[in-house]
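User: I would like to go through this model by question and answer. Please keep the answers short.
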Amino acid sequence: MRRLGLALLLWIVVVGGVAPGTQEALPGRPDSLKFAAIGDTGNGRREQYEVGEQLASARAAFPFELVIMLGDNLYGRQQQQDYVTKFERPYAALLSAGVGFYASLGNHDNPANARYAGFHMSGARYYTYARNNVRFLALDSNLMDPAQLAWIDETLKQSKDDWKICYFHHPIYSNSGRHGSNVQLRVILEPLFVKYGVNVVFSGHDHVYERLKPQKGVAYFVSGAAGELAKGDVKPSAETAAYFDQDQSFMLLEVAGDDLFFKAMSRTGRTVDSGLIRRQLTKATGTL
Amino acid sequence: MRHQAAAQHVEHPLNFHVQRRWAARLGHRWYRHLFDRFLLLPLGAAIALIWANSAPESYFSFTQRISFPVNEIGMAFFFALMTQEVVEAAMPGGALHSWRRWGLPIVAAAGGIIGSVSVYLAFVNASYQSVLSLGWPVACAIDVAAAYYVLKAILPRSGALPFVLLIGIATNAFGMFVVAPRHLVLATHVGGAVLMLIAIGLAGVMRAIGIRAFVPYLAICGTISWFAFFWSGLHPAFALVPIVPFLPHEPRRLDLFADPPDDDATHHFEHEWNVLVQGILFLFGLVNAGVMLRGYGAGSSAVLAAALVGRPAGILAAVGLAVLAGLHLPRRLGWRELVVVALASSSGFTIALFFATAVVAIGPLLAQITIGALATGVGALLALGAARLLHIGRFARRSAEKEGVHGFQPESR
């Protein structure tokens with residue numbers, strides 16, 4: 001009986017440890033790029049503060065150096081005091097530790113927020129930066145004008161970085177009931193992503209977490225529940241790889257060589273999804 | 001006897017040839033109905049809405065390919081036709097010739113613009129989505145054809161028709177002035193202004209040497225003007241507007257939107273032109289009206305509130321102030337009729353769609369505003385409802401007959 005119990009315990013540990021969506025998957029290598037992703041944050045409510053605390057405690061074990069913000073960084077009134085109550089206080093521990101927040105604009109963001117120093121946008125609606133072997137493009141999906149499209153094309157064409165990661169507010173793949181996929185944006189952006197070998201795309205807008213199965217070789221995440229929440233809003237389809245819509249959530253990511261490790265966590269610190277993305281063969285660089 | 005039998009055979013309703021003729025007549029009647037009332041655009045819009053919501057990927061792939069030729073080139077013919085009709089209507093003997101008629105409508109148009117833009121911006125700010133502020137010119141748009149046909153149905157041959165036409169023309173002229181330089185272009189070229197001078201100069205020369213055909217003006221001067229607008233960072237859909245005053249003209253005594261009789265060279269070209277524009281408007285509706293309905297958002301409500309509340313309120317307030325200042329209402333146009341006129345002008349539809357594509361780039365905001373622009377079509381129903389409630393025009397005649405009293409009698413020609 002005792003042997004049976006031990007065998008059962010061993011089975012739970014082994015099988016449970018590798019079950020999809022629950023694997024603790026961040027290796028924390030010293031030379032890797034570590035970052036977090038949060039979307040639809042800035043409502044100033046208790047849940048946003050709790051996600052901020054969870055991020056801070058996660059950083060103790062996983063010292064990420066930057067946070068990408070997927071839009072709707074401030075909701076409602078957006079005056080001087082609101083930057084404090086809806087951004088600086090919830091993430092005070094991270095800001096004081098020198099973590100950089102790199103924002104993209106959502107439909108609730110005042111375009112003037114691009115000039116706020118804490119968002120590192122330097123006044124631009126869309127911008128790019130590189131860390132280690134990763135090229136980030138923060139886009140403005142509110143207004144996909146010809147100038148921005150030409151800029152995306154040129155920036156991706158010029159990039160020699162191993163990883164190309166784009167993030168913007170409105171998802172081009174999503175299975176949420178409220179908003180869902182923005183197909184008009186998809187028709188414009190997806191050919192560029194495929195042509196230049198973009199590896200991963202992050203969006204918010206839908207107040208849930210969803211991981212899509214790779215579409216035409218590109219991995220898509222929706223992570224728009226770090227403040228707002230649309231409980232039970234995901235209507236999973238054949239495109240859905242994993243989702244979580246029962247509580248606020250955020251993502252931790254690590255790029256190590258040709259591997260990108262990801263982990264989605266709930267407001268309470270529970271891992272709700274995790275995994276690994278291998279860098280695909282890209283037409284632009286011709287490398288693995 | 002044999003002849004009678006043959007005739008009976010031909011007239012028999014089940015005869016294939018009779019059916020075909022009947023079907024052709026019915027088809028032609030429906031086509032004329034759609035054509036004469038500018039309904040091909042709503043038809044294109046309806047197809048687009050169904051297509052976009054049932055097979056969005058194929059719809060948006062299609063529109064991405066043809067939006068430039070339709071919006072930037074094709075619509076130049078629409079605005080040129082509008083300009084041609086206004087120029088002819090303003091000629092001696094034309095329906096809008098008397099400049100004394102312009103005073104009050106311009107005041108009303110200004111009130112409508114202030115009212116609609118104020119409501120739009122207030123709505124956007126109240127919903128804390130200031131990124132939508134850039135769509136305010138959409139709130140200015142009036143679908144003149146829609147307003148015209150609604151009022152023609154309610155108040156035929158009354159002073160309301162030229163009044164609403166003038167409000168629409170003044171309002172849209174303001175909107176075009178705002179929208180034109182904000183066109184979303186990548187780069188501008190200094191050569192644009194020089195090309196513009198060449199186009200206008202050439203049109204002047206053609207006029208001076210008495211060229212009566214439209215084609216040389218449109219093909220040569222129009223093409224040069226199109227490049228001039230495009231390179232100057234102006235919306236090229238307005239490229240033919242400065243060329244149109246040089247075209248041959250005949251004054252319009254009839255309806256502004258009626259297809260002119262094909263009785264001389266000028267009217268023949270206008271007739272051909274009208275056919276072309278109707279086809280373009282169908283494509284315009286097809287390309288621009290397709291939005292996924294779950295893209296509804298604050299921008300949709302803002303456009304709708306601006307059109308249905310802001311503009312009528314602004315028009316009525318401005319006319320009220322103008323009357324207090326000493327201006328007179330048009331003959332046979334009382335305050336009740338004015339309420340119906342103000343509501344009839346609330347539909348933005350065609351022009352609102354155009355302004356939206358001109359000032360808002362592709363994306364979710366454009367979808368929101370487009371839904372609002374399409375929804376302003378309900379303004380026509382509100383005008384009809386108000387006319388019925390206030391017993392105006394046709395509805396007055398009916399109630400008068402029932403009650404045995406005299407209602408509003410339309411002005412006879």
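Analyst: Two residues are in contact if their C-beta atoms, placed from the backbone, lie within 7 Å. Note that this is a predicted model.

User: How many residues of chain B are in contact with chain A?
Analyst: The contact rule is applied across the two chains. On the chain A side, 25 residues take part. On the chain B side, the number is 20.

User: Which helix gives the most to the side of chain B that touches chain A?
Analyst: α4 (56-89) and α14 (364-375) of chain B each supply at least two residues there. By class, that side has 13 nonpolar, 5 polar and 2 charged residues. The top contributor, with 5 residues, is α4(B).

User: What is the distance between the end C-alpha atoms of helix α6 of chain A?
Analyst: The helix covers residues 183-195, so it has 13 residues. At 1.5 Å a residue, it should span 18 Å. The distance in the model agrees: 18 Å.

User: Where in α6(A) does the kink lie?
Analyst: The bend is about 35 degrees. The proline Pro191(A) comes shortly after it. The kink lies at Leu189(A).

User: Which elements of chain B help cover the buried residues of α6(A)?
Analyst: A residue is buried if 20 or more other C-beta atoms lie within 10 Å of its own. In α6(A) the buried residues include Leu185(A), Ile188(A) and Phe193(A). From chain A, the cover includes α5 (146-158), β6 (163-167) and β7 (200-203). From chain B, it includes α4 and α14.

Terms used:
Residues are numbered from 1 along each chain as its sequence is written. Chains are lettered from A and ligands numbered from 1 in the order in which they are written. This is a predicted model: local features need pLDDT of at least 70, side-chain atom pairs count only at pLDDT 80 or more; totals for chains, interfaces and linings use all residues. Helices (H or I, at least four residues) and strands (E, at least two) are DSSP runs, numbered from the N terminus. Ala, Val, Leu, Ile, Met, Phe, Trp, Tyr, Cys and Pro count as nonpolar, Asp, Glu, Lys and Arg as charged, and the others, Gly among them, as polar. The expected span of a helix is 1.5 Å times one less than its number of residues. The bend at a residue is the angle between axes fitted to the seven residues ending there and the seven starting there. A residue is buried if 20 or more other C-beta atoms lie within 10 Å of its own, exposed if 12 or fewer, and partly exposed in between; C-beta atoms are placed from the backbone.
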